[in-house]
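Biologist: I'm new to this one, so please pick a single part and look at it closely. Start with a loop, move on to the strand that follows, and then show me how that part fits into the rest.

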Amino acid sequence: MKKRNDNKEAAGEINSGLLREIAEKGVPPVYLREYVTKAYATKSPATILSDGKWRKHKASLWNVFSLAGFSNLLFFIRLSKTQSPDAGNIFIIPRVEAAHVDQPDHWFTLYDARFHPGSVFAYNRVNPKYVADMQDSYSCQQCGNKRFRLALGFEISPECSNPNDLSGFALAVECESCGWKGIVYQDEIVKK
Ligand SMILES: [Zn+2]
């Protein structure tokens, strides 16, 4: 009789099935479900992430998403602060928000380390009262424009047990105005 699937090897088998499913179907983190779809690898700026070279953990599987369900694909983005001059007890939590150009006051989450179980910030261990503000709307490094096309990359943890169980994030943008493109934000969700 087969043993219950409670040993490491069996668990590994189960997880590798889930891993493949998440990668093949392009399953996003739960909080992004209504905003993204699996990106076309050849469409900019997804092209920047498609080769996987951005992966800090070199996970064998990863997903690239583009935004979907909007009248056009132009967004403002804002990033969390990278340092804390007014430090005190304020935590800089890795996160990114976007707002569609037609609804510039409606910011929604593109990435938030608190939703990922591998992060030190997971499970709301940090009181929102102590979370640092976001920076101002991001501007193109080349022309100053604030409207971008976006692509999001997520590394899938080898021990992935749910769609939020991810080990790395990258945001690639393409400037609407001058066409500059590049990776503007990255986070190792799971620290090495
Ligand atoms: Zn530009």
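**A loop, a strand and what surrounds them**

Modeller: Let's start at Lys 58, which has its place in the loop between H2 and E2. Those labels come from DSSP runs, numbered from the N terminus: H for helices (H or I, at least four residues) and E for strands (at least two). Residues are numbered from 1 along each chain as its sequence is written. And this is a predicted model, where local features need pLDDT of at least 70, side-chain atom pairs count only at pLDDT 80 or more, and totals for chains, interfaces and linings use all residues.

Back to our loop. Lys 58 isn't a glycine, yet its phi is positive, near 55°. Is Lys 58 buried or exposed? A residue is buried if 20 or more other C-beta atoms lie within 10 Å of its own, exposed if 12 or fewer, and partly exposed in between, with C-beta atoms placed from the backbone. Lys 58 counts as exposed because it has 11 C-beta neighbours inside 10 Å.

Now step along to strand E2, which spans 62–67. Here the picture flips: six of its six residues are buried. In a regular strand, side chains alternate between the two faces of the sheet. Both faces of E2 are covered, with Trp 62, Val 64 and Ser 66 buried on one side and Asn 63, Phe 65 and Leu 67 buried on the other.

What does E2 pair with? Two strands pair if DSSP finds at least two bridges between them. E1 (36–38) is one partner, running antiparallel to E2 and joined to it by three bridges. In that pairing, Thr 37 has Ser 66 of E2 as its bridge partner. E6 is another partner, also antiparallel, over five bridges. There, Phe 65 is matched with Leu 152 in E6.

Leu 152 is a handy way into the interior. It belongs to the largest nonpolar core, which has 39 residues, and the members that touch the most others are Ile 77, Leu 150, Ala 151, Leu 152, Ile 156 and Leu 171. A nonpolar core here means a set of buried Ala, Val, Leu, Ile, Met, Phe, Trp, Tyr and Cys residues joined through C-beta atoms within 7 Å. At least two core residues come from each of H1 (8–25), H2 (46–50), E2, E3 (75–79), E4 (95–100), E5 (108–112), E6 (148–156) and E7 (166–175). E7 gives the most, with seven residues. As a general tendency, nonpolar side chains are buried together in soluble globular proteins.

Right beside Leu 152 in the numbering is Ala 151, whose contacts lead us back to E2. A contact means two C-beta atoms, placed from the backbone, within 7 Å. Leaving aside neighbours within four places in sequence, Ala 151 is in contact with Val 64, Phe 65 and Ser 66, as well as Ala 39, Pro 45, Ala 46, Ile 48, Leu 49 and Ala 172.

Pro 45, from that list, is worth a stop. It lies in the loop between E1 and H2, and the peptide bond joining Ser 44 to Pro 45 is cis, with omega about 0°.

Another of the core's well-connected members, Ile 77, takes us to other strands. Ile 77 stands opposite Ala 98 in E4, in an antiparallel arrangement where five bridges join E3 to E4. E4 in turn runs antiparallel to E5, with four bridges between them, and Val 96 faces Tyr 111 in E5.

For the wider view, the chain has two helices and eight strands, in the order α-β-α-β-β-β-β-β-β-β. Of its 192 residues, 33% count as buried. Among contacts between residues at least 6 apart in sequence, 67% join residues at least 24 apart.

Finally, a word on confidence. The mean pLDDT (the predictor's confidence in each residue, from 0 to 100) is 89, and 89% of residues reach 70 or more. Residues 1–6 fall below 50, and that stretch has three contacts beyond near neighbours in sequence. Residues 8–12 are also below 50, with two such contacts.
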